[in-house]
Amino acid sequence: RSGLPEYTLDEVARHTTIKERIWMAYRHGVYDVTEFIAEHPGGDKIMMGAGGSVEPFWALYAVHKNPHVLNIFETYRIGNLAAADVGTSVSDMSDPYGKEPRRHVALKPSSRKPFNAEPPLPLLADSLITPNELFYVRNHLPVPDVDAASYELELNDELSNNEKTLTLQDIRKYPKHTITATIMCAGNRRSEMTKVKGVKGLSWGQAAIGNATWSGARLCDVLKDLGVEDGKTDALHVQFEGLDTDPASMPYGASIPIEKALDSHGDVILAYEMNGEPIPRDHGYPVRVVVPGVVGARNVKWLGRIIVSKNESDAHWQQNDYKGFAPNVDWDTVDFKKSPAIQELPVISAVCEPLEGDQVEVKEGKIKVRGYAWSGGGRKIVRVDVSSDGGHTWQATDTLESDSSRHPHAWGWTLWTTEVPVGKGAKTGSEVELCVKAVDSQYNTQPENFANIWNLRGVLANAYHRVQVKLKF
Ligand code: MTE
Ligand code: MO
């Protein structure tokens with residue numbers, strides 16, 4: 001709108017408290033939403049995006065995305081967003097991290113260079129699909145600046161020596177396959193394991209996980225055209241290399257077993273869309289391999305090369321990281337050759353609301369608890385048990401929400417909600433320990449505590465999630 005002042009996103013980001021007024025950006029506009037969020041249900045959640053874009057919150061609370069609300073919202077407009085900021089890049093050529101994408105302020109970084117961040121936990125349970133801008137980011141290296149028009153994916157079968165190069169257009173010519181899949185970092189919930197004993201790794205909370213729809217070409221279709229077919233190859237692994245490189249020009253790399261890659265029901269895709277949009281830069285623009293049911297680390301972003309081989313990837317992240325060990329193994333005794341690389345992840349769950357330390361309202365003797373549950377390998381969540389007395393007594397949750405896919409192709413997570421009774425003598429100020437454990441379609445469940453599964457790298461942190469809260473009557 002003409003006649004309004006122009007603001008940059010940096011200026012918007014300085015307005016995050018009621019005292020300074022709360023500003024947010026939406027498309028070409030800048031809005032003072034201080035009153036808007038006070039008057040709207042869910043305003044406290046939108047507050048988590050103060051100083052940033054309101055867009056992902058519209059995606060979470062689709063109920064707001066109607067013309068009526070947008071018309072009301074427009075009355076809070078105070079300015080226009082500086083044209084340069086309607087795009088999403090920042091640029092500083094002197095820094096290897098000088099071409100990073102702009103990130104939403106609601107993502108709380110555990111490291112900035114490389115960028116690693118997770119969204120506020122309560123937002124995760126608000127929508128089966130995690131909006132792109134709120135999806136956790138796990139980068140090991142600077143984000144490469146890839147031009148889609150000149151993008152090329154190299155394919156190489158080491159056994160037949162067949163080679164091929166595909167452009168983005170070539171990849172788009174394959175039948176478009178869409179799946180809903182959760183991606184989770186092996187280090188999700190590491191911060192809880194750390195309480196037993198220190199570990200090496202980023203201190204992730206419970207939100208290094210997200211669920212999205214991914215569209216692209218099926219890897220098995222692409223490999224078929226390279227002459228690699230199920231039952232007709234002696235290859236054992238499919239390796240992936242990213243276009244992101246370390247200072248010695250070594251790319252990020254990982255591999256998966258050939259069986260998963262060629263399984264026509266395995267749903268491995270070379271994805272170019274995330275939630276119906278081109279994959280955002282942080283998540284692998286323009287092409288990322290999505291290996292559903294398998295640890296985040298093998299879902300290689302900015303995919304530059306695929307190698308069909310008898311060997312696993314020799315990249316650091318396949319060989320000397322993302323492996324589990326017994327609790328007695330320390331950095332002096334660890335031999336990374338002794339453990340297999342993590343592929344399918346075990347069953348996990350977490351309470352997203354209430355948060356640790358929250359005061360929770362008791363209604364008719366019960367408190368409301370919500371969260372997520374997920375299992376790797378396409379296993380479906382069949383039950384989620386919640387306790388309000390530290391795990392002495394349990395009850396199954398009332399509601400499980402997931403997409404309709406079935407075992408063993410249930411790649412997406414399950415959101416759950418329940419009301420758990422609190423103990424008889426409880427009163428205002430009483431403390432209770434909530435616990436959650438999930439059960440998957442193979443009846444696997446979670447370990448009881450972290451002491452028994454502690455490992456030096458802090459991976460596979462899937463013990464019961466325990467949350468201490470105070471009651472309010
Ligand atoms: N791919 C490349 N090329 N570089 C990376 O650093 N990180 C991996 C994986 N793919 C990574 C990568 C790890 S460890 C995880 S957990 C997921 O990407 C994170 O995906 P996301 O950032 O889209 O959430
Ligand atoms: Mo990860």
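**Briefing: a ligand site, strand pairing and unusual backbone geometry**

In the hairpin formed by β9 and β10, where five residues lie between the two strands, Asn161 adopts a positive phi near 65 degrees. The structure is a predicted model, and this briefing goes on from that hairpin to the surroundings of ligand 1, an open sheet and some backbone details. The space that ligand 1 takes is the largest cavity, and 20 residues surround this ligand.

**The hairpin of β9 and β10**

- Strand β9, which covers residues 152–157, and strand β10, which covers residues 163–167, pair with each other in the antiparallel sense, and five bridges link them.
- Within this pairing, Asn156 has Glu163 of β10 as its bridge partner.

**The surroundings of ligand 1**

- Of the 20 residues that surround ligand 1, the closest are Tyr136, Asp244, His283, Arg288 and Lys301.
- Tyr136 approaches the ligand through its backbone, with an N or O atom that lies 2.7 Å from an oxygen atom of ligand 1.
- His283 contributes through its side chain instead, where a polar atom lies 2.6 Å from an oxygen atom of ligand 1.
- Arg288 also takes part through its side chain, in which an N or O atom is 2.7 Å from an oxygen atom of ligand 1.
- Ligand 1 exposes 530 Å² when it is taken alone, and the protein buries 100% of that area.
- Sorted by class, the shell around ligand 1 consists of nine nonpolar, six polar and five charged residues.
- Two strands, β8 (137–138) and β13 (237–245), each supply at least two residues of this shell.

**The open sheet of five strands**

- Five strands, in the order β20-β27-β26-β22-β23, form an open sheet in which the pairing is mixed.
- The edges of this sheet are taken by β20 (359–361) and β23 (395–396), each of which has a single partner strand, so one side of each is left without a neighbour in the sheet.
- Inside the order given above, strand β22 (residues 381–387) and strand β26 (residues 431–440) run antiparallel and are joined by six bridges.
- Ser387 is a residue to look for here, as this serine stands opposite Cys435 in β26.

**Cis peptide bonds before proline**

- The peptide bond that leads from Tyr285 to Pro286 is cis, with omega near 5 degrees, and Pro286 is found in the loop between β16 (277–278) and β17 (288–290).
- A cis peptide bond also leads from Glu353 to Pro354, with omega near 0 degrees, and Pro354 is found in the loop that runs between β19 (348–353) and β20.

**Positive phi values in loops**

- Arg27, a residue other than glycine, has a positive phi near 50 degrees, and its place is in the loop between β3 (21–26) and β4 (29–32).
- Asp267, which is likewise a residue other than glycine, has a positive phi near 60 degrees, and this aspartate has its place in the loop between α11 (258–262) and β15 (269–274).

Methods:
Residues are numbered from 1 along each chain as its sequence is written. Chains are lettered from A and ligands numbered from 1 in the order in which they are written. This is a predicted model: local features need pLDDT of at least 70, side-chain atom pairs count only at pLDDT 80 or more; totals for chains, interfaces and linings use all residues. Side-chain values use heavy atoms; hydrogens and water are left out. A residue is near a molecule or strand if one of its heavy atoms lies within 4 Å of it. A polar contact is a pair of N or O atoms within 3.5 Å; within protein, one must be able to donate a hydrogen and the other to accept it, and residues adjacent in sequence count only if both atoms are side-chain atoms. Accessible areas come from the Shrake-Rupley method with a 1.4 Å probe; for residues, only the protein chains shown count as cover. On a 1 Å grid over the protein atoms alone, a cavity is a set of points where a 1.4 Å probe fits but cannot get out, and a pocket is an open set with protein on both sides within 12 Å along at least five of seven lines; lining residues have an atom within 4 Å of a point. A molecule sits in a cavity or pocket if more than half of its atoms lie within 2 Å of its grid points. Helices (H or I, at least four residues) and strands (E, at least two) are DSSP runs, numbered from the N terminus. Ala, Val, Leu, Ile, Met, Phe, Trp, Tyr, Cys and Pro count as nonpolar, Asp, Glu, Lys and Arg as charged, and the others, Gly among them, as polar. Two strands pair if DSSP finds at least two bridges between them.
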